[in-house]
Amino acid sequence: MPVFRLLFILFLAVPIIEIYLLIQVGEVIGAGWTIFAVVATAVIGAALLRHQGLATLYSAQDKMAHGELPATAMIEGVMLLLAGALLLTPGFFTDTIGFLVLIPVLRRKFAQFILGRGMMMGSASFTSQQWQQTTRHHGEHSGKTIEGDYQRRDDAE
């Protein structure tokens with residue numbers, strides 16, 4: 001299925017599902033409690049998102065410090081960004097999906113699935129070995145400053 005067709009279906013289906021769920025929940029617990037629940041899930045989700053985002057950031061920094069590419073952590077970061085958007089969108093359906101992404105085990109499995117399938121395409125040709133050599137090379141010279149003067153010359157001279 002083409003991506004734009006899928007997005008079109010999602011943009012139609014998600015609001016319909018959200019409206020239906022809000023009406024159903026509102027009939028059971030009342031409008032005031034429904035509004036409170038929607039706001040509460042956004043606040044709780046934002047707090048959890050902050051915690052998970054920092055943990056993912058520290059994981060990526062740790063992997064880079066050890067000379068590894070933080071591919072899984074980068075994909076998890078994108079997923080957390082999407083989870084934040086879903087949690088801030090009013091409704092129970094998007095909140096449920098957002099909270100599922102906040103579960104570290106599920107998020108990690110899905111990120112590994114994306115990496116395994118090669119769904120994230122890029123143009124970088126930087127191998128893990130080159131990354132390790134580069135980080136090791138820069139690590140040896142960190143803290144040393146070379147002072148000097150330079151003069152710009154045109155090729156015409």
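## Val38 and its surroundings

Leaving aside neighbours within four places in sequence, Val38 is in contact with Leu22, Pro90, Gly91, Phe92 and Asp95. This is a predicted model, and Val38 lies in its helix α2. The relative accessible area of Val38 is 14%; because the cut-off for buried is under 20%, Val38 counts as buried.

One of these contacts spans a long stretch of chain. Val38 and Gly91 are 53 residues apart along the chain, while their C-alpha atoms are separated by 6.1 Å.

## Overall make-up

The protein has 6 helices and 0 strands. Along the sequence the pattern reads α-α-α-α-α-α.

Of the 157 residues, 20% count as buried. Among contacts between residues at least 6 apart in sequence, 67% join residues at least 24 apart.

## Helix α2

Helix α2 covers residues 31-65. Its 35 residues, at 1.5 Å each, should span 51 Å, and the end C-alpha atoms are indeed 51 Å apart, so the two values agree. Gly67 follows α2 and has a positive phi, near 80°.

The buried residues of α2 are Thr34, Val38, Thr41, Ala42, Gly45, Gln52, Thr56 and Ala60. Their cover includes α1, α3, α4 and α5, the last of these being residues 104-117. Thr56 is buried, with a relative accessible area of 7%. Not counting residues up to four places away in sequence, Thr56 touches Ala73, Glu76, Gly77, Leu80 and Arg107.

## Helix α1 against α2

Helix α1 is made of residues 3-29. For its 27 residues, 1.5 Å a residue gives an expected span of 39 Å; the end C-alpha atoms lie 38 Å apart, which agrees. After α1 comes Gly30, with a positive phi near 100°.

The axes of α1 and α2 come within 7 Å and cross at roughly 125°. The two helices are therefore oblique to each other, and their crossing is right-handed. On the α1 side the contact is made by Leu22, Val25, Gly26 and Ile29, and on the α2 side by Ala31, Trp33, Thr34 and Val38. By class, this contact has 6 nonpolar, 2 polar and no charged residues. Leu22 and Val38, both part of this helix contact, also touch each other.

## Helix α4 against α2

How are α2 and α4 oriented, parallel or antiparallel? Their axes are 11 Å apart and the helices pack at an angle of about 20°. Because angles under 35 degrees count as roughly parallel, α2 is roughly parallel to α4. The crossing of α2 past α4 is left-handed.

From α2, the contact uses Thr34, Ala37, Val38, Thr41, Ile44, Gly45 and Leu48; from α4, it uses Phe92, Asp95 and Phe99. The residues divide by class into 6 nonpolar, 3 polar and 1 charged. Among the α2 residues in this contact, Thr34 and Val38 also take part in the contact with α1. Buried residues of α2 include Thr34, Val38, Thr41 and Gly45, and each of these four appears in the contact with α4.

## Helix α3 against α4

Helix α3 runs over residues 71-88 and helix α4 over residues 92-101. Their axes come within 8 Å and cross at roughly 150°. That angle makes α3 roughly antiparallel to α4, because the cut-off is over 145 degrees. The crossing of α3 past α4 is left-handed.

Met79, Ala83, Leu86 and Leu87 make the contact from α3, and Thr94, Asp95, Ile97, Gly98, Phe99 and Val101 make it from α4. These residues divide into 7 nonpolar, 2 polar and 1 charged. Asp95 and Phe99 of α4 are also in the contact with α2.

Gly84 lies in α3 and counts as buried, at 8% relative accessibility. Gly84 and Gly98 are 14 residues apart in sequence, and their C-alpha atoms are 6.9 Å apart in space.

Key. Residues numbered from 1 in each chain as written. Predicted model: local features only at pLDDT ≥ 70, side-chain atom pairs only at ≥ 80, totals over all residues. Heavy atoms only, no water. Buried < 20%, exposed > 50% of the residue type's maximum accessible area, 1.4 Å probe, protein only. Contact = heavy atoms within 4.5 Å. Axes fitted to C-alpha atoms, helices over the stretch in contact; angles between N-to-C directions. Parallel < 35°, antiparallel > 145°, perpendicular 65-115°, else oblique. Left-handed = near helix turned anticlockwise from the far one by under 90°. Nonpolar A, V, L, I, M, F, W, Y, C, P; charged D, E, K, R; others polar. Expected span 1.5 Å × (residues − 1).
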